[in-house]
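Here is a structure to be read step by step, with the sequence alongside. Please keep both in view while following the paragraphs below.

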Amino acid sequence: MDEYINLFEKVIEKTIPKVDYIDIRAGKGNSTSILMKDGEIDEINTGMSISARIRVLNNGAWGFAYTTDLSKFDEITETALKLSNSIKGDVELAESEIIKDKIATDVKIPFEDISIEEKQEIMKEASDSATFDNVNSTTVGYGDIESDELFLNSEGSQVQVKTSRVRMALNATATDGQIIQFGHGSIGGVKGFEVISDRDIEEFGRNIGDKANRLLKAEPAPSGKFKIIADPELTGVMIHEALGHATEADLILQNDSILKNRLNTKIASDIVNIFDDATIKDGFGYYPYDVEGVKTRPNQLVKDGELISLLSSRETASKLNMKSSGNARSLIADAPIVRMSNTYLQPGDMTFDELIEDIPDGIYLKGSRGGQVDTRKGIFQFNAAEGFKIENGELTTPLRDVSLSGNILETLNNVDALGNDFKLSVGFCGKNGQTVPVGDGGPHTRIIDAMVGGSN
């Protein structure tokens, strides 16, 4: 994007006398996506894209305009100016450090070094490895993108970031003629193709096929209150959905969070420490600067059970009299909103055997099949991918159709032990019609008096 710096600097210089603040984002990307169903290629998309947007702030109101034709940048600047002049608002920006930086993510194997055919072969290996016993259908999705993004603002910041990101996901469907069950898994990272080539693809596929087959023989889950163990994947989903969204400053300002007015108060048990950290390079939610040019840092949200900070953009931070946490995110075409990055529960010091050894009658919940949360009321409901009964400290009967529901604050206060393991999952998060890559995770987590539901 070096060739556009001069153009954008001239636009800022010419426009700044008319407004209070300007920022410009531009980027070009090269992407490939492949969809395979039952071992056969269903769809291949490759393409290059280029786009840019300008935001101007005037009289407390934003003007925002976007284009995929950079020769029209003067036109969209005029559009943004007209929009900002048409209304009065109350937007102010928290102070931010002036940054000049150029950074690229670590890549060992560039995506262009791997042919479409080689990518298809790896997808086929994953599909074939999952297809055994009662597995009768698989879907494999693969996507990679290399992007080069540039950010400039009228305060003097200039940040250029080159990013490579890749993900492959596999779904396996199994049936015994009466019921249907699913196995799912994904691998990915903010690196090159080595994220895929370094993995044992046969084992990856086989584990997902195993899960689908195992669930056919599993019993429907019981319903009631149990002491449970959530695996790192479900722990991550719970922390992301139940706690993470409720700490987003825009939701708090909209009176849509159970955590409004709870800063510096106790919301969880003493052993609960929760972070959102975009600087973790092995996390799928990694980014060195947010879309407002704010340098990212590890943000501790909960310390020893106390809510000590929130996630914010410059605009929301100003309204709450704090510094931006570096969590403004969006595609170039969209207005920035507050989003999580890599959100996790910090591990403890217990082994898995120690976590379950004194549970006479409990349930182990593994993986996630999604769920929902009401951040205003502070209630959630998640579906685990599978479960197992815990009887006298041992894992016994496999369970299917297991759900976990409850009150966010009550559940966080009922966390009574944490494993010494840790895993970040690869995923995407949707909010206000926008989707961003995220990581979420933690250790195995023990929770007392958890409400478990089954299909019976």
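The paragraphs that follow take up a sheet, then a helix, and then a single residue of that helix.

The model is a predicted one, and a good place to begin is its open sheet of 6 strands, which run in the order β12-β11-β10-β15-β24-β23 with mixed pairing. Because β12 (306-307) and β23 (423-431) stand at the edges and each has a single partner strand, one side of each is left without a neighbour in the sheet. Against this sheet packs helix α6 (residues 232-244), which touches β10, β11 (298-303), β15, β23 and β24 (434-442), and whose direction makes about 125° with that of β24. Within the sheet, strand β10 (residues 274-277) pairs with strand β15 (residues 342-345) in the antiparallel sense over 3 bridges, and Asp276 has Thr343 in β15 as its bridge partner.

Turning to helix α5, residues 201-216, one finds 16 residues that reach 24 Å from the first C-alpha to the last, close to the 22 Å expected at 1.5 Å a residue. At the start of α5, a side-chain oxygen of Asp200 comes to within 3.2 Å of the backbone nitrogen of Glu202. The buried residues of α5 include Ile201, Phe204, Ile208 and Leu215.

Ala212 also has its place in helix α5, and it counts as buried because its relative accessibility is 0%, where buried means under 20%. Which residues surround Ala212, leaving aside its neighbours within four places in sequence? Ala212 is in contact with Val135, Ala172, Ala174, Gln181, Phe182 and Gly183. Of these, Phe182 lies 30 residues apart from Ala212 along the chain, yet 4.8 Å separates their C-alpha atoms.

How values were computed:
Residues numbered from 1 in each chain as written. Predicted model: local features only at pLDDT ≥ 70, side-chain atom pairs only at ≥ 80, totals over all residues. Heavy atoms only, no water. Pairing = 2+ DSSP bridges. Helix = DSSP H or I, 4+ residues; strand = E, 2+ residues; numbered from the N terminus. Contact = heavy atoms within 4.5 Å. Axes fitted to C-alpha atoms, helices over the stretch in contact; angles between N-to-C directions. Expected span 1.5 Å × (residues − 1). Buried < 20%, exposed > 50% of the residue type's maximum accessible area, 1.4 Å probe, protein only. Polar contact = N/O pair within 3.5 Å; in protein donor to acceptor, adjacent residues only side chain to side chain.
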